Amino acid sequence: MKITYKSNKLQKQLTIPKELAKAFGQRSKKVNQRMKELEAADTLEVMRWILAANCHELKGDRQGELAVDVSANFRLIFEPDHKPLPQKEDGGLDWGKVTAIRILEIEDYH
């Protein structure tokens, strides 16, 4: 999957091992694992089969964003990076056609 980032700072935190450890401490191994899974996936549909990632669409004021689990409360949050968004006939996101994402943040939004 093609991955872009909301900011240069976030890109450095997620792609440079030293910055990853500095930014996420104990969570850095799990963050790195999720990033590798996203990079290796041909489409977003693949992430549905990685049960531990718990890839899911967000609701409310975060509609249009998705998340994967990093720890009990922390999520890696991203959005499809397509214009226009690939949609099914019912208007829902077509996960099988999402081949590019934009990482927005990693946080505890609970």
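**Exercise 1. Which residue in β5 does Thr4 stand opposite?**

Solution. This is a predicted model. Start with strand β1, which covers residues 2–5. Its partner here is strand β5, residues 100–107. Four bridges join the two strands, and they run parallel. Look across from Thr4: Arg102 in β5 stands opposite. Now look at the faces of β1. Thr4 belongs to the uncovered face, together with Lys2. Ile3 and Tyr5 make up the covered face.

**Exercise 2. Work out the order of the strands in the sheet, and find the strands at its edges.**

Solution. The sheet is open and has five strands. Read across, the order is β1-β5-β4-β3-β2. The pairing is mixed. In general, strands of a sheet pair through backbone hydrogen bonds, either parallel or antiparallel. For the parallel case, take β1 with β5. For the antiparallel case, take β3 (residues 66–69) with β4 (residues 75–80), joined by four bridges. Within that pair, Val68 stands opposite Leu76 in β4.

Now go to the edges. β1 and β2 (56–57) stand there. Each has a single partner strand, so one side of each is left without a neighbour in the sheet.

**Exercise 3. Describe how α1 packs against α2, and then how α1 lies on the sheet.**

Solution. Locate the helices: α1 spans residues 8–15 and α2 spans residues 17–24. They pack at an angle of about 100°, and their axes are 5 Å apart. An angle from 65 to 115 degrees counts as roughly perpendicular, so α1 is roughly perpendicular to α2.

Next, list the residues that meet. α1 brings Lys12, Gln13, Leu14 and Thr15. From α2 come Pro17, Glu19, Leu20, Ala23 and Phe24. Sort the residues of this contact: five are nonpolar, two polar and two charged.

Last, turn to the strands. α1 lies across β1 and β5. Its direction is at about 85° to β5.

**Exercise 4. Compare three salt bridges: Glu39 with Lys36, Glu107 with Arg62, and Asp69 with Arg75.**

Solution. In general, side chains of opposite charge can pair when their charged atoms come close. The whole structure has nine salt bridges. Take the three in turn.

- Glu39 and Lys36: the closest N and O atoms are 4.0 Å apart. Both residues lie in helix α3 (residues 28–40), three residues apart, about one turn of the helix. Glu39 is partly exposed, at 36% relative accessible area. Lys36 is partly exposed as well, at 47%.
- Glu107 and Arg62: the closest N and O atoms are 2.3 Å apart. This pair links distant parts of the chain, 45 residues apart. Glu107 is in strand β5, and Arg62 is in the loop between β2 and β3. Buried means under 20% relative accessible area. Arg62 has 18%, so Arg62 is buried. Glu107 has 21%, so Glu107 is partly exposed.
- Asp69 and Arg75: their side chains meet at 3.0 Å, N to O. Asp69 is buried, at 15%. Arg75 is buried too, at 8%.

One step remains. Arg62 and Glu107 belong to a network of salt bridges that also links Glu65 and Glu105.

**Exercise 5. Is Ala41 buried or exposed? Find what surrounds Ala41.**

Solution. Ala41 sits in the loop between α3 and β2. Its relative accessible area is 2%, so Ala41 is buried. Leave out residues up to four places away in sequence, and Ala41 touches Met1, Val46 and Met47. Check Met1: Ala41 and Met1 are 40 residues apart in sequence. In space they are 5.5 Å apart, C-alpha to C-alpha.

**Exercise 6. Locate Asp94, and name the residues that Asp94 touches.**

Solution. Asp94 is in the loop between β4 and β5. Why does Asp94 count as buried? Its relative accessible area is 16%, and the cut-off for buried is under 20%. Now list the contacts, again without residues up to four places away in sequence. Asp94 touches Pro86, Gln87 and Lys88.

Methods. Residues are numbered from 1 along each chain as its sequence is written. This is a predicted model: local features need pLDDT of at least 70, side-chain atom pairs count only at pLDDT 80 or more; totals for chains, interfaces and linings use all residues. Side-chain values use heavy atoms; hydrogens and water are left out. Buried means under 20% relative accessible area, exposed over 50%, partly exposed in between (1.4 Å probe, protein chains only). Two strands pair if DSSP finds at least two bridges between them. Axes are lines fitted to C-alpha atoms, for helices over the stretch in contact, and angles run from 0 to 180 degrees between N-to-C directions. Angles under 35 degrees count as roughly parallel, over 145 as roughly antiparallel, 65 to 115 as roughly perpendicular and the rest as oblique. Contact means heavy atoms within 4.5 Å. Ala, Val, Leu, Ile, Met, Phe, Trp, Tyr, Cys and Pro count as nonpolar, Asp, Glu, Lys and Arg as charged, and the others, Gly among them, as polar.
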